[in-house]
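Work through the exercises below with the sequence and the 3D structure open beside you. Try each task on your own before you read the solution that follows it.

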Amino acid sequence: MNVRAVADLSPTERAALFDRDAGVDDARSAVREIIDRVREEGDVALRSYAEEFDDVTIGNLDVTDDAARAYDRVDDDVREAIETAAENVRAFHERQVPDDWRESFDGRELGRRYRPIDRVGVYAPGGTAAYPSSVLMGVIPAKVAGVDHVAVATPPAEEFNPATMAAAHVAGADAVYQIGGAQAVAALAYGTETISSVEKIVGPGNKWVTAAKAEVRGDVEIDFLAGPSELLVVCDDTADPDLVAADMLAQAEHDPNASVVCVTDDPETAESVVVACEAQVSERDRSETIEAALDNDASGVLSARSMSEAVLFAEEYAAEHLSIVADDEEGLLDRIGSAGSVFLGDNSPVAAGDYASGPNHVLPTGGLAKVAGGLSVDHFLRSTTVQKLDHDALAEIRATVTTLARTEGLEAHAESVEKRFE
């Protein structure tokens, strides 16, 4: 890993940094076949794919009871950690619940009310790592919103990860299924003999899961299409390079395709971050994954000519995770609008948000933070507007409505108003 100047980045280098490709489009053809087979064969297809992709022979697809038993089986410290994280996540999301309202606007009684979606599916990744945290982040805001039925799908294994299963129990999942990948998304979207279909699917996953969500969108709602993990650190000479490097390595261990970037206006800090990254890699258990992520074209340490240039870079980058470590953290935050979740200062590692500080860690990637926020209670609610007009209020806007209706050539619209004044 070398330091590169933001101003000297070539078009190819900029494309690698800003056009972060999760490989979703390349996977869609194969995923379409998986989805079609699940729709046709149901549980048979799910069991077949479990053997093919996960090397696991499945008995019961529904393992909800195992989740309850896992809660009693996990170590006390793990159980306490899950419960503490769940409590913090729940408290944060409870602050997001909107109130219904009705107000009078000169005789027009107008309002808005919120109701939860009925059935939701939460995907919790498995594979090379277990993610009980993703179960908490997906299930809890749905239950806070009032969703009646929340189902969790997580990849099968010879032995269930007890922490993931216990997290499903603590979060309040109504059903847990041992299915993974694109086939899990298909089963949640369309249902099988065992699995009831849902109305919305949320949660992170690999490119196969993301491609499947792209395929079923339209038949069911999804949260958003998320790719590999991203971190952008914006810092000045007050930052501790060892801590910056530690945060970069933490996100790099998720995936070889993770994007971890540091941009600073201080050349010495930039060089120190590179040295710190190289020194710490060998100390990490997942060093091979980390090294691959650090070496990919979407990662690096960048030198900016000023903090203003760093801010412009950050706004264009629109990171999933944005860490700001600088003398004027609040000032920089005010100047950056595009980020999934922001972490301010030396004592706010991204890992805190990944697990237990409270905000959701299911966040937009690939620049989607320019137009969307992370998973929240809002994703599980539908809003309905309410209108009640008295006769005087309708008379007040009578001419406006009828004029616009006739301008659009919709005579019946105009007459539906005029009828009330005959």
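**Exercise 1: Aromatic pairs**

In this predicted model, ring centres have to lie within 6.5 Å to count as a pair, and by this rule there are four aromatic pairs. Task: classify the pair F18 and F313 as stacked, tilted or edge-to-face, and state which helices hold the two rings.

Solution. Begin with the geometry: a pair of aromatic rings is described by the distance of the centres and the angle of the planes. The centres of the F18 and F313 rings are 5.1 Å apart and their planes stand at 50°, so the pair is tilted, given that stacked requires planes under 30 degrees apart and edge-to-face requires over 60. Next, locate the two residues: F18 belongs to helix α1 (residues 11-18) and F313 to helix α13 (residues 307-317), so the pair ties together parts that are 295 residues apart in sequence. Then check the surroundings, where you will find that both F18 and F313 are buried. Finally, look for further rings, and you will see that ring pairs link F18, F313 and Y317 into a cluster.

**Exercise 2: A pair within one helix**

Task: classify the pair Y49 and F53, and decide for each residue whether it is buried, partly exposed or exposed.

Solution. The ring centres of Y49 and F53 are 5.3 Å apart and the planes are at 5°, so this pair is stacked. The two residues are four apart in helix α3 (residues 43-54), and are therefore separated by about one helical turn. For the second part, recall that buried means under 20% relative accessible area and exposed means over 50%. Y49, with a relative accessible area of 6%, is buried, whereas F53, with 43%, is partly exposed. The ring of Y49 has another partner as well, since the charged end of R37 sits over it, 4.9 Å from its centre. An arrangement of this kind also involves R79, whose charged end sits over the ring of Y71, 5.4 Å from the ring centre.

**Exercise 3: The nonpolar cores**

Task: find which helix supplies the largest share of the largest nonpolar core, and list what V176 touches.

Solution. Start with the core as a whole: the largest nonpolar core has 42 residues, and those with the most contacts inside it are L136, V139, V152, V176 and F380. Several elements each supply at least two residues of this core, including α4 (64-73), α5 (76-94), β4 (119-123) and α6 (132-145). The largest share, eight residues, comes from α6. Now turn to V176, which, leaving aside residues up to four places away in sequence, touches L61, D62, V63, T64, A67, V152, M165 and A168. Apart from this core lies another, of 34 residues, among them Y49, I58, A184 and A211.

**Exercise 4: Unusual backbone angles**

Task: for D55 and D106, give the sign of phi and say where each residue is placed.

Solution. As background, most residues other than glycine have a negative phi. D55 nevertheless has a positive phi of about 55° although it is not a glycine, and its place is in the loop between α3 and α4. For D106, phi is near 55°, which is again a positive value in a residue other than glycine, and D106 is placed in the loop between β2 (101-105) and β3 (108-116). As a last step, compare each accessibility with the cut-off of over 50% for exposed residues: D55, at 64%, counts as exposed, and D106, with a relative accessible area of 68%, is exposed.

**Exercise 5: A covered strand**

Task: determine how many residues of strand β12 (residues 319-325) are buried, and in which sense, parallel or antiparallel, β12 pairs with β9 and with β13.

Solution. Count along the strand first: seven of the seven residues of β12 are buried, and the strand is mostly covered. Then take the partners one at a time. Strand β9 (residues 230-235) pairs with β12 in the parallel sense over five bridges, and within this pairing C235 has V325 in β12 as its bridge partner. Strand β13 (residues 339-344) and β12 pair in the parallel sense over five bridges, and the bridge partner of S323 in β13 is F343.

Key. Residues numbered from 1 in each chain as written. Predicted model: local features only at pLDDT ≥ 70, side-chain atom pairs only at ≥ 80, totals over all residues. Heavy atoms only, no water. Core = buried A, V, L, I, M, F, W, Y, C linked by side-chain atoms within 4.5 Å. Buried < 20%, exposed > 50% of the residue type's maximum accessible area, 1.4 Å probe, protein only. Contact = heavy atoms within 4.5 Å. Phe/Tyr/Trp six-rings, centres within 6.5 Å; stacked < 30°, edge-to-face > 60°. Lys NZ or Arg CZ within 6 Å of the ring centre and 35° of its normal. Pairing = 2+ DSSP bridges.
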